[in-house]
Amino acid sequence: MVLTFFVLMLMNIIKTGHVSALGSCPKCGNVEVPYPFSTDDTCGDSRYKIYCNNKNNGNGILEFKSAEGFYYKILSIDPSAQRLIISPPDLVQDGDTCQTSDFSLQGLRLDEHLPFNVSTRNTVILLNCSDNLLRSPLNCTSNSLCRVFQDKMLEGKNNACKGGLCCHYLKDSHMTSYVIRVRVGGCTAYTSVVDIRPEDPVEKWSYGIELQWLPPN
């Protein structure tokens, strides 16, 4: 009987390429960790790995790690819709520098072998862009939503991101769904808004990067 069990387990590993999923993980501080997410090797599904930062006086913070090793705070998880929202990277406030904190890694890149992708409900706002972007299909006009962001959200700040060319685009199905890129010669900073309502005040926009996932097999 025991031998039969291990044979079936081995066949499942060979078939699916991973060990069968375990039960749900315990809370991260006071934060629920819904299945199939895994915060360690003893729970959840290892393909849905997230990280529990429980160093802030016991108030847990869940984090999502990009393919390049950058950690993004998880703002919310909706298991029924199979979506989670991570916090955009910080804008670096350093004199004439306009970069996001993940600039050295060229922005956000997801591991294409994992079941996550960037959803089509994200409006990406690019800042400090080169003139090369004027030849792109992105909206870099004076009517771009990025201008509203610059004028309102960066008002009164000593921030190089406030000036210069900016653009925005809606992440759609024709674009790669694993990358939000920043680089020298393109744009060096970005933020993102989920399910944007342009008529709403800028400070009430839902800032975040929405990811969606495929359900476990």
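Is cysteine 25 buried or exposed? Select cysteine 25 and take a look: its relative accessibility is 9%, and anything under 20% is called buried, so cysteine 25 counts as buried. Keep that residue in mind, as we'll come back to it shortly.

**Stop 1: the whole chain**

Zoom out first. What you have open is a predicted model, so colour it by confidence before anything else. The protein chain averages a pLDDT of 87, and 85% of the residues score at least 70. Now find the two ends of that colour scale: strand S4 (residues 83-86) has the highest confidence, at 98, while helix H1 has the lowest, at a mean of 41. Select residues 1-20 next. Here the pLDDT is below 50, and beyond near neighbours in sequence this stretch has seven contacts in the model. Take that part with a pinch of salt.

Switch to the cartoon view. You should find two helices and 13 strands in the protein chain. Of its 217 residues, 39% are buried. If you look at contacts with a separation of 6 or more, 62% of them come from residues 24 or more positions apart.

**Stop 2: cysteine 25 and its partner**

Back to our opening residue. Select cysteine 25 together with cysteine 43: the two form a disulfide, with their sulfur atoms 2.0 Å apart. Both cysteines sit in the loop between helix H1 (2-16) and strand S1 (51-53), 18 residues apart. Look along the S-S bond and you'll find an angle of 95° about it, in a right-handed link. Cysteine 43 is tucked away too: its relative accessible area is 4%, so cysteine 43 is buried.

**Stop 3: into strand S1**

Now select cysteine 28 and cysteine 52, another disulfide, with a sulfur-to-sulfur distance of 2.1 Å. Cysteine 28 is in the loop between H1 and S1, whereas cysteine 52 is in strand S1, so this pair ties together parts that are 24 residues apart in sequence. This link is right-handed as well, with 90° about the S-S bond.

Turn on the surface here. How exposed is each partner? Cysteine 28 is buried, at 1% relative accessibility, but cysteine 52 is partly exposed, with a relative accessible area of 36%.

**Stop 4: a long reach**

Jump along the chain and select cysteine 98 and cysteine 161. A disulfide joins them, S to S 2.1 Å. Cysteine 98 lies in strand S6 (residues 97-100), and cysteine 161 lies in the loop between helix H2 (145-153) and strand S10 (165-170), so the pair ties together parts that are 63 residues apart in sequence. The torsion about the S-S bond is about 110°, so this disulfide is right-handed. With the surface still on, check both ends: cysteine 98 is buried at 3%, and cysteine 161 is buried at 0%.

Now show every cysteine sulfur. The full count is six disulfides. Number the bonded cysteines along the chain, and the pattern reads 1-3, 2-4, 5-9, 6-12, 7-11, 8-10.

**Stop 5: the largest pocket**

Last stop: some empty space. Rolling a probe the size of a water molecule over the atoms shows where empty space is left. To find the largest pocket, select Leu126, Leu133, Leu138, Tyr169 and Arg181, which lie nearest its centre among the 15 residues that line it. The volume of this pocket is about 370 Å³.

What classes of residue make up the lining? Colour the lining of the largest pocket by class and you'll get nine nonpolar, three polar and three charged residues.

Methods:
Residues numbered from 1 in each chain as written. Predicted model: local features only at pLDDT ≥ 70, side-chain atom pairs only at ≥ 80, totals over all residues. Heavy atoms only, no water. 1 Å grid on protein atoms, 1.4 Å probe; cavity = no way out; pocket = protein on both sides within 12 Å on 5 of 7 lines; lining within 4 Å. Points joined across faces, edges and corners; volume = space filled by probe spheres on them. Nonpolar A, V, L, I, M, F, W, Y, C, P; charged D, E, K, R; others polar. Disulfide = S-S within 2.5 Å. Helix = DSSP H or I, 4+ residues; strand = E, 2+ residues; numbered from the N terminus. Buried < 20%, exposed > 50% of the residue type's maximum accessible area, 1.4 Å probe, protein only. pLDDT = per-residue confidence, 0-100. Contact = heavy atoms within 4.5 Å.
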